[in-house]
Every structure is written in structure tokens, then in C-alpha cells.
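I opened this model to see how its parts pack together. My notes follow in the order I looked things up.

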Amino acid sequence: DIRDYRVIDLIAVAKEYRGKGMGSLMISKLQSDGITIRAGTQEHNLAGMALYKKMGFEIVKRQRTFHYP
């Protein structure tokens, strides 16, 4: 079964490249084929939230995820 969407679990940009459009470039590449993209991040990740908002994402669901040591 092939999904009709893609999922972004994590985007990481090296410190020296942050603020230079690299995250936007990666997301734009995924968006270029017209397939729906779903992404998840933590609400306190303000940079991630800002990037997704800038790229046209909207919050459709909130959930709590617990991480155990």
C-alpha cells in the first residue's frame, strides 16, 4: 500500500548553514511534486514551528509524546 502523503519526522541543518534557507530548500523540494506532506515537531521548537508556518503548513493535530530514558 503506497501512502498518498510524505512524512517529515526531522529536519536538521548544520549550525553554520542555519538561517540561509536550507530548511526551506529541503521542504520546497518535497513540495515540488504536489504530494501532501505531513510534519511533526515539538511546540517548544520555535524555529521549526516558524519554518513550517512559513512553508504553508498548519496545525491539524496536537498530541503528547513521552520519551523515556
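**Entry 1: the helices**

I started with what lies over the buried side of α1. The cover includes β1, β2 and α2. I keep in mind that this is a predicted model.

Which residues of α1 are buried? I found G23, S24 and I27. Looking down the axis of α1, I see these buried residues fall within an arc of 95°, so they line one face of the helix. That fits the general rule: an α-helix has 3.6 residues a turn, so residues three or four places apart point the same way. I then checked the other side of α1, where L25 and K29 are exposed.

I did the same for α2. Its buried residues are G48, L51 and Y52. Their arc around the axis is only 95°, which puts them on the same side of α2. L46, K53 and K54 are exposed on the other side of α2. I also looked up what covers the buried residues of α2, and the cover includes β1, α1 and β2.

Just past the end of α2 I stopped at G56. G56 takes a positive phi of about 95°.

**Entry 2: G23 and S24**

I went back to α1 for a closer look. G23 sits in this helix, which spans residues 22-31. Is G23 buried or exposed? I read a relative accessible area of 10% for G23, and the cut-off for buried is under 20%, so G23 counts as buried. Setting aside residues up to four places away in sequence, I list V13 and L51 as what G23 touches.

How far apart are the C-alpha atoms of G23 and G48? I get 9.1 Å, for two residues 25 apart along the chain. G23 is among the buried residues of α1, and G48 is among those of α2.

S24 is in α1 too. Its relative accessible area is 13%, and S24 is buried. Without its neighbours within four places in sequence, S24 is in contact with L51, K54 and M55.

I then read the contacts from the M55 end. M55 touches S24, I27, S28 and Q31, again without residues up to four places away.

**Entry 3: core and rings**

Next I asked which residues make up the largest nonpolar core. There are 7: I8, I27, I37, L51, Y52, M55 and F57. I27 is one of the buried residues of α1. L51 and Y52 are among the buried residues of α2.

I searched the whole structure for aromatic pairs and got 1. The partners are Y52 and F57, with 5.2 Å centre to centre and 65° between the planes. Why edge-to-face? The planes are 65° apart, and an angle over 60 degrees counts as edge-to-face, so the label holds. Both Y52 and F57 are buried.

I also noted a charge at a ring. R38 lies over the face of Y5, and I read 3.8 Å from the ring centre.

**Entry 4: salt bridges**

How many salt bridges does a search of the whole structure find? I count 2.

One joins the side chains of R6 and D33, at 2.6 Å from N to O. This pair links distant parts of the chain, 27 residues apart: R6 is in strand β1 (residues 5-8), and D33 is in the loop between α1 and β2 (36-39). R6 is partly exposed at 32% relative accessibility. D33 is partly exposed as well, at 38%.

Next I took R62 and E43. Their closest N and O atoms are 2.8 Å apart in a salt bridge. R62 lies in the segment after α2 (46-54) and E43 in the loop between β2 and α2, so the bridge ties together parts 19 residues apart in sequence. R62 is exposed, at 58% relative accessibility. E43 is partly exposed, with a relative accessible area of 49%.

**Entry 5: V60**

I ended in the segment after α2, where V60 has its place. V60 counts as exposed at 75% relative accessibility. I checked its C-alpha distance to V13, which G23 touches. The C-alpha atoms of V60 and V13 are separated by 25 Å, with their positions 47 residues apart along the chain.

Terms used. Residues numbered from 1 in each chain as written. Predicted model: local features only at pLDDT ≥ 70, side-chain atom pairs only at ≥ 80, totals over all residues. Heavy atoms only, no water. Phe/Tyr/Trp six-rings, centres within 6.5 Å; stacked < 30°, edge-to-face > 60°. Buried < 20%, exposed > 50% of the residue type's maximum accessible area, 1.4 Å probe, protein only. Lys NZ or Arg CZ within 6 Å of the ring centre and 35° of its normal. Helix = DSSP H or I, 4+ residues; strand = E, 2+ residues; numbered from the N terminus. Contact = heavy atoms within 4.5 Å. Salt bridge = Lys/Arg side-chain N within 4 Å of Asp/Glu carboxyl O. Core = buried A, V, L, I, M, F, W, Y, C linked by side-chain atoms within 4.5 Å. Arc of directions from axis to C-beta.
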